Amino acid sequence: MSYDKVIQARDRLIIGTKQAIKAMKSGEVKEVVIAEDIDPDMISKVSQLADKMDIPYQIVDSKRELGKACGIEVGAAAVAIKQ
């Protein structure tokens, strides 16, 4: 499950949609995890950029659980894992 990947990569995370997009554009991301329970336009924006830049991504079911996996007390819409 992707939550486990996020937990294992805590020291290499970029948390948040805007920050993840910025990091993808700068080429420092190896994988992206997107929460399914966010605005569909945001899912589309992040996933399309990941496809365009040939970055693998996974979609998980809960932003609350994704935030918890990141070690924060709020939900996380998207998380990028640095190379």
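In this predicted model, the axes of helix H2 (residues 17-26) and helix H3 (residues 40-52) come within 10 Å and cross at roughly 15 degrees. Because angles under 35 degrees count as roughly parallel, H2 is roughly parallel to H3. The crossing in which H2 passes H3 is left-handed. On the H2 side, the contact is made by Thr 17, Ile 21, Met 24 and Lys 25. H3 contributes Met 42, Lys 45, Val 46, Leu 49 and Ala 50 to this contact. Sorted by class, the residues joining H2 with H3 are six nonpolar, one polar and two charged.

The strands are considered next. An open sheet is formed by four strands, in the order S1-S4-S2-S3, and its pairing is mixed. Strand S1 (13-15) and strand S3 (57-60) lie at the edges, each pairing on one side only. From one strand to the next, the twist averages 20 degrees.

Two of the strand pairings can be described in detail. S1 and strand S4 (residues 78-82) run antiparallel and are joined by three bridges. Within this pairing, Ile 14 stands opposite Ala 80 in S4. S2 and S3, by contrast, run parallel, with four bridges between them. Here Val 33 has Gln 58 in S3 as its bridge partner.

Both helices pack on the sheet, as the following table sets out.

| Helix | Strands touched | Direction of the helix against a strand |
|---|---|---|
| H2 | S1, strand S2 (29-35) and S4 | about 130 degrees with the direction of S1 |
| H3 | S2 and S3 | about 160 degrees with the direction of S2 |

Strand S2 is thus touched by H2 and also by H3. The edge strand S1 is in contact with H2, whereas the edge strand S3 is in contact with H3.

The connection through H3 completes the picture. S2, H3 and S3 make a β-α-β unit, and this unit is right-handed. Its two strands, S2 and S3, are the parallel pair joined by four bridges, and its helix H3 packs on the sheet against both of them. H3 also has H2 as a roughly parallel neighbour, with the contact made on the H3 side by residues including Val 46 and Leu 49.

Definitions and conventions
Residues numbered from 1 in each chain as written. Predicted model: local features only at pLDDT ≥ 70, side-chain atom pairs only at ≥ 80, totals over all residues. Heavy atoms only, no water. Axes fitted to C-alpha atoms, helices over the stretch in contact; angles between N-to-C directions. Parallel < 35°, antiparallel > 145°, perpendicular 65-115°, else oblique. Left-handed = near helix turned anticlockwise from the far one by under 90°. Contact = heavy atoms within 4.5 Å. Nonpolar A, V, L, I, M, F, W, Y, C, P; charged D, E, K, R; others polar. Pairing = 2+ DSSP bridges. Right-handed = clockwise from strand over helix to strand, strands pointing away.
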